[in-house]
Amino acid sequence: EAFTRDDSFNLLDGTQVTVPMMNLQENFLYTAGDGYQAIQLPYWGDMSMLVFLPDAGQFDTFEQAMSTQTLSDTLANLTPQDISLAMPRFEYEFSVGLNDILSALGMPIAFTDDADFSGMADAPLSISDVLHKAYIKVDESGTEAAAATAVVVGITSVQVPQEVTVMRIDRPFIYVIYDQRTNTLLFMGRVLNPQGE
């Protein structure tokens, strides 16, 4: 927290907001791809957060082109580097009803009186609501996502001193929390405004 200070974050519409920006110089896995930078923030165990920072003015283009291939290529190209990292604190909560989405995916009858769940119960049943709620908070203590908490740690090793790469996450970015062992995505989101507006 001693290295957190207010700084500017550039929104997509060109305006700026002042946010608490966390600062750390450490050795991280990092890469710079075509139109973006990416950094891996390791947690205890096999989980990590991967942050994609598209070049200024390229967020929409990068987000639309992002794919599993983008993730695979980025993971394959990460290398240890000394990074001067500035990243905003952020916290989001998201709720969505899935009834319409599940109906469109092929299960509309489950939400009507014509639903047949006789294999589960003797009473006539139908699904009334399917809700999804997600929560993520990233601050100096680490990351809390849904009901899971993880702690950010740095990679330590003895190295020959090298040039420090600056990564200022001061504009919209995309993050992925994943299991390094299986490369399974557990959580994915984007931050357009760290103030949650």
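Is phenylalanine 62 buried or exposed? In this predicted model, phenylalanine 62 has a relative accessible area of 9% and is buried. The arrangement around this residue is described below, followed by the strands, the second helix and the charged pairs.

Aromatic contacts were examined across the structure, and the count comes to three aromatic pairs. In one of them, tyrosine 36 and phenylalanine 62 are tilted, with a distance of 5.0 Å centre to centre and an angle of 45 degrees between the planes. Because tyrosine 36 belongs to strand 3 (residues 36-42) and phenylalanine 62 to helix 1 (residues 59-65), this pair ties together parts that are 26 residues apart in sequence. Tyrosine 36 is itself buried, at 11% relative accessibility. A further pair joins phenylalanine 62 to phenylalanine 52; the ring centres lie 5.8 Å apart and the planes stand at 40 degrees, so this pair is also tilted. Phenylalanine 52 is located in strand 4 (residues 47-54) and phenylalanine 62 in helix 1, and the pair thus links distant parts of the chain, ten residues apart. With a relative accessibility of 0%, phenylalanine 52 counts as buried. Through these ring pairs, Tyr36, Phe52 and Phe62 are linked into a cluster.

Strand 3, which contributes tyrosine 36 to the cluster, is mostly covered, seven of its seven residues being buried. In a regular strand, side chains point alternately to the two faces of the sheet. Both faces of strand 3 are covered. Tyr36, Ala38, Gln40 and Pro42 are buried on one side, and Gln37, Ile39 and Leu41 are buried on the other.

Strand 3 pairs with strand 2 (residues 16-33) in the antiparallel sense over five bridges. Glycine 33 has tyrosine 36 as its bridge partner in strand 3. The hairpin of strand 2 and strand 3 has two residues between the strands, and glycine 35 in this hairpin takes a positive phi near 90 degrees. Strand 3 also pairs with strand 4, again in the antiparallel sense, over seven bridges. In strand 4, proline 54 is the bridge partner of tyrosine 36. Tyrosine 36 therefore has a bridge partner in strand 4 as well as a ring partner in helix 1, a pairing that ties together parts 26 residues apart in sequence. Strand 3 and strand 4 form a hairpin with four residues between them, and glycine 45 in the turn has a positive phi of about 80 degrees.Helix 2 (residues 68-77) was considered next. Thr70, Leu71, Thr74 and Leu75 are buried in this helix. These residues lie on the same side of helix 2, because they cover an arc of only 125 degrees around the axis. The face turned away from the buried side carries the exposed residues Thr68 and Ala76. Among the elements that cover the buried residues of helix 2 are strand 3, strand 4 and helix 1, together with strand 2, strand 11 and strand 12. At the start of helix 2, a side-chain oxygen of serine 67 reaches to within 3.2 Å of the backbone nitrogen of glutamine 69.

Charged side chains were also surveyed, and a search of the whole structure finds six salt bridges. One of these joins aspartate 46 and arginine 181, at 3.1 Å from N to O. Aspartate 46 lies in the loop between strand 3 and strand 4, and arginine 181 in the loop between strand 11 (173-179) and strand 12 (184-191), so the pair ties together parts that are 135 residues apart in sequence. Aspartate 46 is partly exposed at 37% relative accessibility, whereas arginine 181 is exposed at 61%.

Helix 1 takes part in another salt bridge, between glutamate 63 and arginine 190. The N to O distance of this salt bridge is 3.0 Å. Here glutamate 63 in helix 1 and arginine 190 in strand 12 are 127 residues apart, and the pair links distant parts of the chain. Glutamate 63 is partly exposed, with a relative accessible area of 27%, and arginine 190 is partly exposed at 41% relative accessibility.

A salt bridge is also formed by the side chains of aspartate 170 and arginine 171, at 3.3 Å from N to O. Both of these residues, aspartate 170 and arginine 171, are buried. They belong to a network of salt bridges in which Asp7, Arg168, Asp170 and Arg171 are linked.

Terms used: Residues are numbered from 1 along each chain as its sequence is written. This is a predicted model: local features need pLDDT of at least 70, side-chain atom pairs count only at pLDDT 80 or more; totals for chains, interfaces and linings use all residues. Side-chain values use heavy atoms; hydrogens and water are left out. Rings of Phe, Tyr and Trp (its six-membered ring) pair if their centres lie within 6.5 Å; planes under 30 degrees apart count as stacked, over 60 as edge-to-face and the rest as tilted. Buried means under 20% relative accessible area, exposed over 50%, partly exposed in between (1.4 Å probe, protein chains only). A salt bridge is a side-chain nitrogen of Lys or Arg within 4 Å of a carboxyl oxygen of Asp or Glu. Two strands pair if DSSP finds at least two bridges between them. The arc is that of the directions from the helix axis to the C-beta atoms. Contact means heavy atoms within 4.5 Å. A polar contact is a pair of N or O atoms within 3.5 Å; within protein, one must be able to donate a hydrogen and the other to accept it, and residues adjacent in sequence count only if both atoms are side-chain atoms.
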